[in-house]
Amino acid sequence: MDSYRSLDAWKCAHAAVILVHKSTEALNRPESWAIFDQLRRAVISIETNIVEGYALATQPQFGRHLWIAFGSAAETECLVRSIAELEYLNASVLRELQSLLARALRTIRGLLRNPPRNPMHHAP
């Protein structure tokens, strides 16, 4: 594995970050500001914790950051469910986010169960 960009978990998380930001940046309604702010923070946490754990290049650190990413993915999934019920985002965006988050959770869980032997080939 040469880069965190080769991880399916990162690919899903990155796609979710881009989708969340593109779909919420123009929505500045006071009633949705807080939940969108928390959504942005949670979804960013998924991606950045995968990258940070990978970059630290040890299995214990990688595993620790994967657990944090997993928690952030679960938080994001919960927020998306609330946003769907509040009808703050387009249904097709919500479906795509739900799919990306389900894949991210599944692939992070897979990495936690069966971590790569060496997250990076070289130390930072």
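**Helix α3 and its surroundings**

Me: E87, which has a positive phi near 60 degrees, follows α3. What kind of model is this, and how are its residues numbered?

Reply: It is a predicted model, in which local features need pLDDT of at least 70 and side-chain atom pairs count only at pLDDT 80 or more, while totals for chains, interfaces and linings use all residues. Numbering starts from 1 along each chain as its sequence is written, and side-chain values use heavy atoms, with hydrogens and water left out.

Me: What makes α3 a helix?

Reply: Helices are DSSP runs of H or I with at least four residues, numbered from the N terminus. α3 covers residues 59-86, which is 28 residues. The expected span is 1.5 Å times one less than the number of residues; from first C-alpha to last, α3 reaches 40 Å, close to the 40 Å expected.

Me: Where does E87 lie, and is E87 buried or exposed?

Reply: E87 sits in the loop between α3 and α4. Buried means under 20% relative accessible area, exposed over 50%, and partly exposed in between (1.4 Å probe, protein chains only). E87 has 68%, so E87 is called exposed.

Me: Why is A57 called buried?

Reply: Its relative accessible area is 18%, which is under 20%, so the word applies. A57 is in the loop between α2 and α3, and has a positive phi of about 65 degrees although it is not a glycine. Most residues other than glycine have a negative phi.

Me: Which residues of α3 are buried, and what covers them?

Reply: Among them are F62, L66, F70, L79 and I83. The cover includes α2 (33-56) and α4 (91-113).

Me: Which residues touch the most other members of the largest nonpolar core?

Reply: A nonpolar core is a set of buried Ala, Val, Leu, Ile, Met, Phe, Trp, Tyr and Cys residues joined through side-chain atoms within 4.5 Å. This one has 34 residues, and I46, I50, I83 and I108 touch the most others. Two or more residues each come from α1 (8-24), α2, α3 and α4. Contact means heavy atoms within 4.5 Å; beyond four places in sequence, I46 has contacts that include A69, A73 and I108.

Me: How many disulfides are there?

Reply: A disulfide is a pair of cysteine sulfur atoms within 2.5 Å, and the count is zero. For C12, the nearest cysteine sulfur is that of C78, 20 Å away, so C12 is in no disulfide. C12 is buried at 2%, whereas C78 is partly exposed at 44%.
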